[in-house]
Amino acid sequence: MCGIIGINSSKPVSATILSSLKKLEYRGYDSAGIATLSNGLINEVKSEGRVDNLEKNLLIKNMEGTIGIGHVRWATHGAPNSINAHPHSSQNVSVVHNGIIENSTLLKKFLVSKGHKFKSQTDTEVIVHLITEYLKELNLKDAIIKTLKQLHGSFALGVIFKDQPDLIVGARRGSPLAVGYGPNENYLGSDSYALKSMTNKISYLDDGEFCIIKKDQIDFFNEDGLIDQVISMGDISSGLKFFYRLPPLCYHTLLIHSEALVFHEITNGPFKMEDTIWAPWSPDEADQNAVIQYMAALVNSIQKLITK
């Protein structure tokens with residue numbers, strides 16, 4: 001399995017990305033890497049083997065940048081070495097990727113015909129060059145939409161851009177991808193465990209969605225680029241320990257969702273049950289009667305699960 005981490009912050013991120021990558025070691029991997037944005041450039045450092053090998057690289061110690069992405073890779077396309085390790089970067093774009101791009105061979109032929117040169121044996125590198133190609137004529141959002149529609153297979157992506165130094169793009173189809181919310185910084189991760197040391201306010205992208213992560217806001221879009229939701233830091237209550245990104249819900253919808261939410265948190269780690277609050281809204285949106293009914297449904301759901 002592979003693992004993704006991304007951080008958009010107001011302070012240097014390389015050390016925190018390294019620490020988060022170590023939390024993803026349980027997934028199993030054969031190489032690791034980091035890319036940050038600094039002084040108008042993409043800075044990339046990769047290493048074969050353990051995250052410890054990456055940490056010992058002298059380039060890491062001097063790595064600057066308040067926005068960056070990291071990855072631990074389990075080889076599927078190409079040998080386990082530093083060239084095939086993620087991130088993969090062009091001059092303008094850097095990408096980390098979980099999953100498999102099934103039509104990468106066809107896409108590579110198209111991109112080579114456009115003059116793109118490939119450095120690795122991976123399927124991931126086609127994503128880098130597709131985005132780079134489409135950015136020649138399209139804005140960032142439209143380039144992402146067009147790229148995602150060209151990809152066949154499953155994926156979770158984290159992308160940074162030389163010319164957009166204030167944002168990270170995340171996208172998923174099939175593979176899970178989480179976002180985390182913090183004070184003047186936001187996060188992207190393969191799962192909640194990689195993010196838990198930085199924040200306990202976490203949600204997941206829906207299948208087919210992509211998001212644009214800034215320090216103080218995250219915008220969520222469907223596959224056609226229509227806004228699903230915008231979450232600013234003012235929308236998130238400091239009282240919530242786990243944040244479900246759902247729209248305001250009526251009572252009947254709550255009853256439908258409640259057992260599924262409880263079951264997810266009981267059966268999916270690494271959060272312990274006592275560390276989690278199920279809350280599909282912010283307190284300002286909550287109707288008192290709906291909350292009472294919702295909590296009653298949660299208790300009923302827990303009782304059902306315990307007695308199974």
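In this predicted model, the charged end of Lys108 perches over the ring of Phe118, sitting 5.0 Å from the ring centre.

As for ring–ring pairs, searching the whole structure turns up 1 aromatic pair. Phe210 and Phe221 make it up: their ring centres are 5.0 Å apart and their planes sit at 15°, so the pair counts as stacked, the cut-off for that label being planes under 30 degrees apart. Phe210 belongs to strand β12 (residues 210–213) and Phe221 to strand β13 (residues 217–221), so the stack ties together parts that are 11 residues apart in sequence. Both Phe210 and Phe221 are buried.

Next, the nonpolar packing. The largest nonpolar core has 28 residues, and Leu151, Leu157 and Phe161 are the ones with the most contacts inside it. Helices and strands both feed this core: two or more residues come from each of β6 (93–101), α4 (104–113), α5 (125–134), α6 (140–150), β7 (153–161), β8 (164–173) and β12. Of these, α5 gives the most, with 6 residues.

Phe161 is worth a look on its own. With neighbours within four places in sequence set aside, Phe161 is in contact with Leu37, Asn92, Val93, Ile131, Leu135, Leu140, Ile144, Leu167 and Val169. Apart from all this there is a second, separate core, this one of 22 residues, with Leu21, Tyr29, Val72 and Met198 among them.

How values were computed:
Residues numbered from 1 in each chain as written. Predicted model: local features only at pLDDT ≥ 70, side-chain atom pairs only at ≥ 80, totals over all residues. Heavy atoms only, no water. Phe/Tyr/Trp six-rings, centres within 6.5 Å; stacked < 30°, edge-to-face > 60°. Helix = DSSP H or I, 4+ residues; strand = E, 2+ residues; numbered from the N terminus. Buried < 20%, exposed > 50% of the residue type's maximum accessible area, 1.4 Å probe, protein only. Lys NZ or Arg CZ within 6 Å of the ring centre and 35° of its normal. Core = buried A, V, L, I, M, F, W, Y, C linked by side-chain atoms within 4.5 Å. Contact = heavy atoms within 4.5 Å.
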